[in-house]
Structure formats: structure tokens, C-alpha cells
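Here is a short tour of one structure, with the cut-offs spelled out as we go. Please have a look at the sequence and the model, and then read on.

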Amino acid sequence: MNRLFALLLIVLFSAVPAGAAARLVSGVSNDTIQITSSFDGERLTFFGTIAPEAGSEQRYVEGPFDVVIVVLGPTQDRVAREKTHNFGIWLNTEQVEFKRFPSYFHVLSSRRLLEIADINLLNQNFILPEAHAMIPNIAGFMKTLVFGRELIRLMSEQGLFGVQENGVRFHSDTFYSAQLTLPSSAPPGPYIAQTYVFQNGEIIARKSEGFAVRKIAFERFLAQSATQYPLLYGIACVVLALFTGWLGGVLFRR
């Protein structure tokens, strides 16, 4: 009986992945990105090392490992619309609203994502862009999926969604780095970089880092005015447009 119990323990512990007792020590090069009138993008560097779990007797961890970094921007409610050509006029005929949809989404990985893990595991952790088109919606699964994919395609063309496979580089068995250039169109707000460590197709460690994209100086004043005082902001824009038109007419008349 004791021998059977001991054998059972051996089988249970041998079923645990070799890299399960691992932790991730990571960081990002800049925790605040400031947007000014001359802002044309910012390059960020993500780096980290895979180490034994705190308190473990292991002195090092054994690979090979894969690393995936998912950068998420502030969420927004977005509406995807379909236009159809009716009687010579383009009209919005159908639409799907997506709640809390990422305004920015970019994935960096050490190799092809489908070689790292099963597609179901990737979708469960919202690592694939298409996972955001599969969130339950009152519009129904298929319609939500079709409109969601089109929304992702349009945002990809704007540089707001993307996947960069082989974007993570290992400098040793456990130390990695990756670079990402945020576009000038990156929306301001809080961002999260979620890093996943995979081994044998399973997630063995994960960690999140936060950074912020902020408007400063006159750009910040305009953004705050537009959101906090929309009526006054609109009136000021109309007055400024009328004054500019009048001034242009006076100057060109001369």
C-alpha cells in the first residue's frame, strides 16, 4: 500500500511541466509617453528574464521558452457599420456595437503564435486579435465575428492593431527583449503590456506592466476642453472659423 502511494506521488509530480516553478522579472523602458504637436511615434523596449520561483531550491530554470507580449491600449465603445449601395446612395444598413473594445492592440512573440500554443489557449487569454471579435454580443456570434474582423482590419490599416511574430528576441536561454514603436495615432490613456511565458504549449508565468500616453501643453488643454466643456469648445471653434474666414477675405481683398 505504501509503495502504491509512493508510486502515485511520483506519477503526479512527474506530470508537472519542468518549467512550472518559474517567475518572470520584466520591465519597460518608459512608463510615460508625452504627446506634443511634434509627436511622430515612440519606440518602447520590453525586457525580462525567466527565473526560478521565489523560495525554490532551483538555481536556474531549463528551457526552451517562448515569450508573447500583448500591448493593450485604453478600451472604448466602438460601432462597426456596413454600408450598402441603394438607389445610387451609400447608406449604413447594419451595425454591431462593441463594448470596451481595445483602442490599441499589438502582439510581439518569439515565433509564430500557432507554433507556441493551441489556438484555443491563445483565444482564451485574448492573445489573438480575433479573440476580441468573439466576445458575446446581442447581435449574435456570426454577425459579431464578421463585423469584429472588419473592425480589426480597419484598425490594422491605421496601425492600431498588429501582430509581430518573431518580434521577441532571446539573448540567452532566459533573457529576452522586444521593441515596439507606438504610432503617432496612438490614443492617449493607460496602456498595459501583458507578458506570457510559454513552455511545451502551456503558460508557466505571466506579468503585467503599465505605462501611460499623455497629451501635454496646448494639446492637453484642447483635449480636456473638448471632453469637459463640449458646448463652449464647439462655440469657440465656430467663432474661430468665422474669424479666420473673415480675416482671409480681408487680406485677399487687398
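Helix α4 holds both arginine 153 and glutamate 157, which sit four residues apart, about one turn of the helix. In general, an α-helix has 3.6 residues a turn, so residues three or four places apart point the same way. The two side chains form a salt bridge, with 2.9 Å between the closest N and O atoms; a salt bridge here is a side-chain nitrogen of Lys or Arg within 4 Å of a carboxyl oxygen of Asp or Glu. Arginine 153 is partly exposed at a relative accessible area of 38%, while glutamate 157 counts as exposed at 57%. The classes are buried for under 20% relative accessible area, exposed for over 50%, and partly exposed in between, using a 1.4 Å probe and protein chains only.

A word on the basis of these values: this is a predicted model, in which local features need pLDDT of at least 70 and side-chain atom pairs count only at pLDDT 80 or more, whereas totals for chains, interfaces and linings use all residues. Residues are numbered from 1 along each chain as its sequence is written, and side-chain values use heavy atoms, leaving out hydrogens and water.

**Helix α4 and its surroundings**

Helix α4 covers residues 141-157, and its 17 residues reach 24 Å from the first C-alpha to the last, close to the 24 Å expected. That expected span is 1.5 Å times one less than the number of residues. Helices (H or I, at least four residues) and strands (E, at least two) are DSSP runs, numbered from the N terminus. Which residues of α4 are buried? They are Thr144, Leu145, Phe147, Gly148, Leu151, Ile152 and Met155. After the helix comes glycine 159, with a positive phi near 80 degrees.

There is also a nonpolar surface patch made of Met134, Phe141, Met142 and Val146, with about 390 Å² of accessible area together. Patches take residues with over 30% relative accessible area and no salt bridge, joining like charges within 9 Å and nonpolar side chains (Val, Leu, Ile, Met, Phe, Trp, Tyr) within 5 Å. Accessible areas come from the Shrake-Rupley method with a 1.4 Å probe, and for residues only the protein chains shown count as cover. Methionine 134 lies in the loop between α3 (119-124) and α4, and is partly exposed at 31% relative accessibility.

**Salt bridges**

The count of salt bridges comes to nine. Three of them are listed here with their N to O distances and relative accessibilities.

| Pair | N to O distance | Lys or Arg | Glu |
|---|---|---|---|
| Lysine 143 and glutamate 94 | 2.9 Å | 28% | 36% |
| Arginine 153 and glutamate 157 | 2.9 Å | 38% | 57% |
| Lysine 207 and glutamate 209 | 3.4 Å | 31% | 13% |

Lysine 143 in helix α4 and glutamate 94 in strand β6 (residues 89-102) are 49 residues apart, so this pair links distant parts of the chain. Glutamate 209 counts as buried. Elsewhere, Asp66, Arg111, Arg112 and Glu115 are linked in a network of salt bridges.

**The sheet**

Four strands form an open antiparallel sheet in the order β1-β3-β10-β9. β1 (22-28) and β9 (168-170) are at the edges with a single partner strand each, so one side of each has no neighbour in the sheet. From one strand to the next, the twist averages 20 degrees; axes are lines fitted to C-alpha atoms, for helices over the stretch in contact, with angles from 0 to 180 degrees between N-to-C directions.

Strands count as paired if DSSP finds at least two bridges between them. Eight bridges join β3 (residues 42-52) to β10 (residues 175-182), and glutamate 42 stands opposite leucine 182 in β10.
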